[in-house]
Amino acid sequence: MTKLKGLLLTEGMHGMISQVEGLAKALNLEFIHEKIELNNFWKMIPPKITPVKDFVFKNNISEKFNVVISCGRKSVVPSIFLKKKFGSKIMNIHIQDPKVSLNNFDFVIAPEHDGLEGKNVLKTKGAIHYLSEKELEENVNYLKPRIKKEKVIAFIAGGPNKYYDFNDEIIEEIFVITKKNFINQGYQLIFIPSMRTPQRIIDKARNFFDDDQIIIQNIDKKAYLSSLKLANHIIVTCDSTSMISEAAMSGRPIYVAQMPAIKKNIRFKKFFELFKSLEIIKNLGDGVEEWNYKKLNETDRISGYIEKQFKDYDFS
């Protein structure tokens, strides 16, 4: 059977790319990725009051496709435009709350903690993503030769956003707790930065932890995948529900390094409450515990449901 073709629309941010590509791979699509660029005037206008016209965006989309998967504010209008143009010949799926009528999409995928309701809303526990068990297995040996201890703690670092500022004092406190709870108890550390991790935090990790620890200083997907497979425990900073969701597919105990919020973080609090109720996470604090939970793989669950709906579309 010929693969269906997918068109992925995002603003180019890693978290968005992870979600659209993760779903596209799970749906076994042959896909291309289009980074959406809006024309100047429309960059500041909410999608709800933006006309559904092609003059809104700069992209000239000429490829043939069957499934549109979009994520992020800028991709909302292009997705709706394509759906209006092609109708039942394509399926359009938006990830996250589009802030417009949900009827503009065949499906909207949103995490439970967003509280989004609608007959075409597919709710997930946390964020869907691009990681797979196969990829973890294929990359486990990438860092394995550097592991010298029986126990490993992976530290997945995010970066500043509008809710958390990652000031030096709180990062120092988190590093102190990490050293006390894990390194001083015989664990070897793997520090993994993300695209949002400031260089000053990577430098601080390199200077704070001793030479026996593994400090990855650049964006390295193989190191990230390897660390998730090798770790006995995982620490993830609280700024990214996506990174916590990705770590949850490992089945390893996850500690969230909490920080004081610089503005109301209601969605984050709801996410943390959900993942605590699922016994996936605990807050980083005193002591180390062992616990088990069912590996979280929402991408496969959601894609399985969507695949069953393909029969209702004219993909000729």
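**Exercise 1. Find how many cavities of 30 Å³ or more the whole structure holds, and work out what lines the second largest.**

Start with the search: it turns up two cavities of 30 Å³ or more. A cavity here is a set of points, on a 1 Å grid over the protein atoms alone, where a 1.4 Å probe fits but cannot get out, and lining residues have an atom within 4 Å of a point. A volume is the space filled by probe spheres set on the points, with grid points joined across faces, edges and corners.

Before going on, remember that this is a predicted model, in which local features need pLDDT of at least 70 and side-chain atom pairs count only at pLDDT 80 or more, while totals for chains, interfaces and linings use all residues. Residues are numbered from 1 along each chain as its sequence is written, and side-chain values use heavy atoms, leaving out hydrogens and water.

Next, take the second largest cavity, at about 30 Å³. Its lining includes Phe-155, Phe-166, Phe-175 and Phe-191. Helix 4 (168–181) and strand 7 (151–157) each supply at least two lining residues, and helix 4 gives the most, with three. Helices (H or I, at least four residues) and strands (E, at least two) are DSSP runs, numbered from the N terminus.

Last, sort by class: eight nonpolar, one polar and no charged residues. Ala, Val, Leu, Ile, Met, Phe, Trp, Tyr, Cys and Pro count as nonpolar, Asp, Glu, Lys and Arg as charged, and the others, Gly among them, as polar.

**Exercise 2. Describe how helix 1 and helix 9 pack.**

First, get the geometry: helix 1 (residues 14–26) and helix 9 (residues 298–309) pack at about 55°, with axes 9 Å apart. Axes are lines fitted to C-alpha atoms, for helices over the stretch in contact, and angles run from 0 to 180 degrees between N-to-C directions.

Then name the arrangement: the two helices are therefore oblique to each other. Angles under 35 degrees count as roughly parallel, over 145 as roughly antiparallel, 65 to 115 as roughly perpendicular and the rest as oblique.

Finally, look at who touches whom, with contact meaning heavy atoms within 4.5 Å. Gly-22, Leu-23 and Ala-26 in helix 1 meet helix 9 residues including Thr-299, Ile-302 and Ile-306. The contact residues split into four nonpolar, three polar and two charged.

Technical notes:
1 Å grid on protein atoms, 1.4 Å probe; cavity = no way out; pocket = protein on both sides within 12 Å on 5 of 7 lines; lining within 4 Å.
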